[in-house]
Amino acid sequence: MAWIVLVLSGLLETAWAIALDRSAGFTRPLPSAVFAVTLVGSMAGLAYALRDIPVGTGYAVWVGIGAVGTALVGMFALGEPANLPRIACLLLVVAGVVGLKLFH
């Protein structure tokens with residue numbers, strides 16, 4: 001259960017990062033509210049998962065999911081560059097996250 005919550009928390013990290021960008025420095029109410037709610041949910045899920053998963057592994061997986069998710073949203077929905085070197089680097093992050101899970 002802890003791993004499922006950790007993955008969901010990583011996805012919420014992606015949501016709060018995108019909402020933070022869209023909040024325009026907290027000047028737009030709806031994205032600011034989405035940011036606050038998803039941030040709290042993401043942190044709460046991380047805290048829950050860390051009861052059973054070592055902090056180094058859990059935090060690295062959480063950040064990796066959030067970073068890759070945010071980069072993918074940026075590339076495929078927000079018009080950021082989606083070139084081969086960027087995608088290769090994201091695959092390296094994914095490999096690291098999978099490795100941390102496998103060797104937990």
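Me: Which residues of helix 1 are buried?
Reply: In this predicted model, the buried residues of helix 1 are Ala2, Trp3, Val5, Leu6, Ser9, Gly10, Glu13, Thr14, Trp16, Ile18 and Ala19.

Me: And what covers them?
Reply: The cover over the buried residues of helix 1 includes helix 2, helix 3 and helix 4.

Me: What span should helix 1 have, and how far apart are its ends?
Reply: Helix 1 has 21 residues, so at 1.5 Å a residue it should span 30 Å. Its end C-alpha atoms are 30 Å apart, which agrees with that expectation.

Me: Where is isoleucine 4, and is it buried or exposed?
Reply: Isoleucine 4 belongs to helix 1. It is exposed, because its relative accessible area is 53% and the exposed class begins over 50%.

Me: Which nonpolar patch lies on the surface?
Reply: The patch is formed by Met1, Ile4, Val7, Leu8, Leu11 and Tyr48, which together have about 600 Å² of accessible area. Helix 1 supplies its largest share, four residues.

Me: Now the interior. Which members of the largest nonpolar core touch the most others?
Reply: That core has 13 residues, and Trp3, Leu6, Ile53, Val61 and Trp62 touch the most other members. The elements that give two or more residues to this core are helix 1 (2-22), helix 2 (29-49) and helix 3 (55-77). The largest share, five residues, comes from helix 1.

Me: What does isoleucine 53 contact, sequence neighbours aside?
Reply: With neighbours within four places in sequence left aside, isoleucine 53 is in contact with Ala2, Trp3, Leu6, Gly58 and His104. Trp3 and Leu6 are also among the core members that touch the most others.

Me: Switching to helix 3: which residues are buried there?
Reply: The buried residues of helix 3 are Thr57, Gly58, Val61, Trp62, Gly64, Ile65, Gly66, Val68, Gly69, Ala71, Gly74 and Met75. They pack against helix 1, helix 2 and helix 4 (84-102).

Me: How far apart are the ends of helix 3, and what was expected?
Reply: The end C-alpha atoms of helix 3 are 32 Å apart. Its 23 residues should span 33 Å at 1.5 Å a residue, and the two values agree.

Me: What comes just after helix 3?
Reply: Glycine 79 takes a positive phi of about 80° just after helix 3.

Me: What about after helix 1?
Reply: Helix 1 is followed by alanine 24, which has a positive phi of about 50° although it is not a glycine. Alanine 24 sits in the loop between helix 1 and helix 2. At 41% relative accessible area, it is partly exposed, because that value is between the 20% and 50% cut-offs.

Me: Which other residue of that loop has a positive phi without being a glycine?
Reply: Phenylalanine 26, in the loop between helix 1 and helix 2, has a positive phi of about 65°.

Me: And arginine 28: where is it, and what does it touch?
Reply: Arginine 28 is in the loop between helix 1 and helix 2. Its relative accessibility of 43% makes it partly exposed. Leaving aside neighbours within four places in sequence, arginine 28 is in contact with Arg22 and Ser23.

Me: Last one, serine 32. Buried or exposed?
Reply: Serine 32, in helix 2, is buried, because its relative accessible area of 14% is under 20%. Apart from neighbours within four places in sequence, serine 32 is in contact with Ser23, Phe26 and Thr27.

Key:
Residues numbered from 1 in each chain as written. Predicted model: local features only at pLDDT ≥ 70, side-chain atom pairs only at ≥ 80, totals over all residues. Heavy atoms only, no water. Core = buried A, V, L, I, M, F, W, Y, C linked by side-chain atoms within 4.5 Å. Buried < 20%, exposed > 50% of the residue type's maximum accessible area, 1.4 Å probe, protein only. Contact = heavy atoms within 4.5 Å. Expected span 1.5 Å × (residues − 1). Patch = residues over 30% accessible without salt bridge, like charges linked within 9 Å, V, L, I, M, F, W, Y side chains within 5 Å. Areas by Shrake-Rupley, 256 points an atom, 1.4 Å probe, with all protein chains shown as cover. Salt bridge = Lys/Arg side-chain N within 4 Å of Asp/Glu carboxyl O.
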